[in-house]
Amino acid sequence: MKNLVQKAQNLHTLAKDELLELLSTSDYDVEIFSAANQVRKKYVGDEIYLRALIEFSNICKNSCKYCGLRRENAALERYSLSKSEILHSAKNAINAGFKTIVLQSGESQSVSTDEVCKVVEELKKFDVAVTLSLGEKTQEEYKSLKAAGADRYLLRIETTDKLLYEKMHPNMSFENRINCLESLKALGYELATGCLVGLPEQTLSSLANDILFFKEIGADMVGIGPLIVHPQTPLKGCPDGSFTTALKVMALTRLLLPSINIPATTAMETITPEGRIVALQSGANVVMPNATQTNYSQKYEIYPNKNCKTSLENHLCELNCKFASIGRTIKMSRGNSLKWEQSSKRKA
Ligand code: 5AD
């Protein structure tokens with residue numbers, strides 16, 4: 001089986017049954033994590049790209065079984081930032097040196113697509129990359145947001161197991177999710193997707209399919225995180241996802257997609273102390289600090305204990321020290337995915 005790890009490291013390809021073999025035993029975990037770390041270093045280098053995350057509204061029309069923002073969660077105080085509040089947080093991040101702003105919200109029209117377009121247009125005046133993570137929209141909306149200047153879109157597939165997807169996402173369709181991802185790709189967005197690890201009834205076979213799906217859809221960035229059970233959701237009482245399994249899905253994704261960007265997700269840090277540092281040494285090269293600068297920042301509670309409470313400046317200092325301790329540095333550039341840059345050069 002060691003040969004499989006070497007094959008993945010050198011050829012960046014594995015068949016479904018080979019991925020499944022590696023996922024089914026912990027005997028080669030050390031080799032997998034180390035191979036992913038080497039591939040990360042070889043392809044995307046030692047610099048860690050930072051993105052400033054602004055969570056501008058927690059209002060959501062969906063009922064995703066695992067998510068604290070689900071509409072049925074009446075215990076959550078809802079908020080929507082105004083255009084000027086969003087811009088205030090974004091400018092603070094830009095002043096701190098960030099070159100990528102990620103605007104994320106629950107799925108709703110509480111801030112209209114036109115309004116988001118205006119925010120994007122404003123932000124583009126500052127020569128930053130703008131990533132949007134607003135859930136499922138119509139193709140027309142994706143088109144207007146792109147025309148307004150958005151560079152990237154983040155929409156996790158969550159799971160490629162259609163039955164599980166539809167169980168976890170009442171009133172949503174797996175086909176529409178795929179259509180959204182394909183539209184985004186066709187419109188020229190740098191495409192970020194990803195999955196949750198540890199959903200009830202999720203199988204290792206479906207996790208292997210998730211990894212192959214990332215390759216097939218042509219993802220430029222892939223975010224993977226363990227499920228963290230939220231008590232105000234129907235999954236209350238279920239076990240959390242496994243950090244090690246999530247880390248392994250992430251490491252295998254790095255082996256198969258060597259030149260993409262992979263964030264060390266906040267969920268990894270929340271579920272295991274120093275989880276983010278471990279992830280950065282197992283294939284990840286991106287960190288997305290929270291830059292939502294309001295009294296509301298604790299209210300974007302997808303899962304419990306998510307938000308860090310220090311200021312952005314202090315947080316940056318802490319990150320700098322932590323990264324230095326593992327021989328890595330922060331790169332305050334736009335941090336385009338290498339894979340995306342190579343394919344856009346080919347197209348030009
Ligand atoms: N635990 C971990 N991750 C979660 N997400 C939503 N709810 C949870 C949870 N309880 C993730 C989803 C979504 C991203 C923004 O947060 O994968 O795409």
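**Entry 1: what counts as a pair**

Before counting anything, I noted the rule: rings of Phe, Tyr and Trp pair if their centres lie within 6.5 Å, and planes over 60 degrees apart count as edge-to-face. I also reminded myself that this is a predicted model. With that rule in hand, I found four aromatic pairs in the structure.

**Entry 2: Y153 and Y189**

I started with Y153 and Y189. Their ring centres are 5.7 Å apart and the planes meet at 80 degrees, so I wrote this pair down as edge-to-face. Where do Y153 and Y189 lie? Y153 is in strand 5 (residues 152-154), while Y189 is in the loop between helix 8 (174-186) and strand 6 (190-197), so the pair ties together parts that are 36 residues apart in sequence.

Next I checked whether these two are buried or exposed. Y153 has 0% relative accessibility, so it goes down as buried. Y189 comes out at 1%, so it is buried too.

**Entry 3: Y165 and F174**

I then looked up Y165 and F174. Here the ring centres are 5.5 Å apart and the planes are at 65 degrees, so this is an edge-to-face pair as well. Y165 has a relative accessible area of 0%, which means buried. For F174 I got 12%, and buried means under 20%, so F174 makes the cut.

**Entry 4: back to Y189**

I went back to Y189 to see what else it touches on. Ring pairs link Y142, Y153 and Y189 into a cluster. I also spotted K146: its charged end sits over the ring of Y189, 5.6 Å from the ring centre.

**Entry 5: the ligand**

On to the ligand. Which residues are around it? My list reads Y66, C67, Q104, R156, E158, L196, P226, L227, I228, I302 and Y303. Sorted by class, that shell has eight nonpolar, one polar and two charged residues.

Then I looked for polar contacts and jotted down these:

- A backbone N or O atom of Y66 is 2.9 Å from a ligand nitrogen.
- I228 also uses a polar backbone atom, which sits 2.7 Å from a nitrogen atom of the ligand.
- R156 uses its side chain: an N or O atom there is 2.8 Å from a ligand oxygen.

How much of the ligand does the protein bury? Taken alone, the ligand exposes 400 Å², and the protein buries 86% of that.

**Entry 6: short recap**

My notes now hold a cluster of Y142, Y153 and Y189, a separate entry for the edge-to-face pair of Y165 and F174, and a ligand with Y66, R156 and I228 among its polar contacts.

Note on methods:
Residues are numbered from 1 along each chain as its sequence is written. This is a predicted model: local features need pLDDT of at least 70, side-chain atom pairs count only at pLDDT 80 or more; totals for chains, interfaces and linings use all residues. Side-chain values use heavy atoms; hydrogens and water are left out. A residue is near a molecule or strand if one of its heavy atoms lies within 4 Å of it. A polar contact is a pair of N or O atoms within 3.5 Å; within protein, one must be able to donate a hydrogen and the other to accept it, and residues adjacent in sequence count only if both atoms are side-chain atoms. Accessible areas come from the Shrake-Rupley method with a 1.4 Å probe; for residues, only the protein chains shown count as cover. Ala, Val, Leu, Ile, Met, Phe, Trp, Tyr, Cys and Pro count as nonpolar, Asp, Glu, Lys and Arg as charged, and the others, Gly among them, as polar. Rings of Phe, Tyr and Trp (its six-membered ring) pair if their centres lie within 6.5 Å; planes under 30 degrees apart count as stacked, over 60 as edge-to-face and the rest as tilted. Helices (H or I, at least four residues) and strands (E, at least two) are DSSP runs, numbered from the N terminus. Buried means under 20% relative accessible area, exposed over 50%, partly exposed in between (1.4 Å probe, protein chains only). A charge sits over a ring if NZ of Lys or CZ of Arg is within 6 Å of the ring centre and within 35 degrees of the ring normal.
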